[in-house]
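Work through these exercises with the model open beside you. Try each task before you read its solution.

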Amino acid sequence: MYMFSINIEQNRQCYLEHIKRQMLYAVNTARGTQNIVNCDERSFLEIYVDNEYRDKIEFGLKNNIAEVIALGFKADYLSEKLKFTDDSLLNRTLVNTMSIFDNEIDKKMALNGLNGLEALSLDGYFQFKLKALKNRWDEIINVTNKNGMISYNDYIKIEFLQYLMQSIPTLVNYVRLDMTLYGFVLYDSTNRELNTIPLMKCFPIDKEEELLYNLICLSPKSVCITGDDNCLSEQFVNLFNSLFNDVKPENY
């Protein structure tokens with residue numbers, strides 16, 4: 001048997017949980033096991049597989065680690081350094097969208113030098129081995145912070161958000177957003193339910209923030225809201241109307 005071990009400070013265990021979920025099928029196919037254990041305020045993801053599956057599992061692990069860094073760590077890094085005055089839905093959505101921006105380049109840079117998965121400190125790797133990636137993010141942060149209007153003016157933030165969204169490819173032309181008391185469901189034009197992407201964060205996630213994140217990732221040309229739209233806050237509705245082409249149900 002071969003063991004992979006990835007560790008991180010315990011309050012960021014959610015990143016290991018994400019990797020574990022993403023690796024579930026591959027590890028099961030390789031007749032392996034995986035488990036998260038905690039020790040001395042650190043969390044450890046331990047994966048055991050037969051030696052014949054080592055290369056395949058290592059490949060998947062590296063890609064998922066790079067994804068965690070390029071999305072989760074990036075959002076944490078931007079949130080900490082951007083000079084936003086509050087924790088509004090607009091500010092969080094802007095940070096999430098900035099994290100998507102140039103994501104493939106960020107993932108490639110995170111993969112560089114990613115070796116030694118027998119005992120990898122994920123936060124240590126980010127802190128000491130990814131200086132070039134952090135410098136790249138610092139450039140974005142410096143430009144944003146120097147433009148004081150972005151930090152304090154919501155209209156400028158929305159314009160900046162609209163600009164970032166132009167670079168996100170449209171995956172689905174039309175989305176129907178169905179709201180219920182239990183949450184949201186997204187459908188395409190054929191009424192097929194669309195898979196949603198959970199936000200990669202290590203604290204309670206606001207459902208409206210997660211909904212906006214999914215809509216931005218899909219980048220539809222039009223969105224139709226059905227169901228109980230009273231479940232949506234005024235803050236969400238105002239931001240949604242600024243970003244998406246809202247069409248009425250009777251038109252479809």
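**Exercise 1.** How many residues lie between β5 and β6 in their hairpin?

Solution. Note that this model is predicted. Find β6 at residues 183-187. Then find β5 at residues 174-180. The hairpin has 2 residues between these strands. Next, check the pairing. β5 and β6 run antiparallel, joined by 5 bridges. One pair to look for is threonine 180 opposite glycine 183 in β6.

**Exercise 2.** Find how β5 pairs with β7, and decide whether β5 is enclosed or not.

Solution. Go to β7, residues 222-227. β5 and β7 run parallel, with 6 bridges. Methionine 179 stands opposite glycine 227 in β7. Now turn to burial. Buried means under 20% relative accessible area. In β5, 6 of the 7 residues are buried, so the strand is largely enclosed by the rest of the structure.

**Exercise 3.** Name the edge strands of the open sheet of 4 strands.

Solution. Write down the order: β2-β3-β1-β4, with mixed pairing. β2 (33-39) and β4 (120-121) each have a single partner strand, so they stand at the edges, with one side lacking a neighbour in the sheet. Helix α2 (residues 54-81) packs on this sheet and touches β1, β3 and β4. Its direction makes about 10° with that of β1. Finally, look at β2 and β3: they pair in the antiparallel sense over 7 bridges. Asparagine 35 has glutamate 46 in β3 as its bridge partner.

**Exercise 4.** Is methionine 1 buried or exposed?

Solution. Locate methionine 1 in the segment before β1. Its relative accessible area is 59%. Exposed means over 50%, so methionine 1 is exposed. Met1, Met3 and Tyr48 make a nonpolar surface patch of about 280 Å².

Definitions and conventions:
Residues are numbered from 1 along each chain as its sequence is written. This is a predicted model: local features need pLDDT of at least 70, side-chain atom pairs count only at pLDDT 80 or more; totals for chains, interfaces and linings use all residues. Side-chain values use heavy atoms; hydrogens and water are left out. Two strands pair if DSSP finds at least two bridges between them. Contact means heavy atoms within 4.5 Å. Axes are lines fitted to C-alpha atoms, for helices over the stretch in contact, and angles run from 0 to 180 degrees between N-to-C directions. Patches are made of residues with over 30% relative accessible area and no salt bridge: like charges are joined within 9 Å, nonpolar side chains (Val, Leu, Ile, Met, Phe, Trp, Tyr) within 5 Å. Accessible areas come from the Shrake-Rupley method with a 1.4 Å probe; for residues, only the protein chains shown count as cover. A salt bridge is a side-chain nitrogen of Lys or Arg within 4 Å of a carboxyl oxygen of Asp or Glu. Buried means under 20% relative accessible area, exposed over 50%, partly exposed in between (1.4 Å probe, protein chains only).
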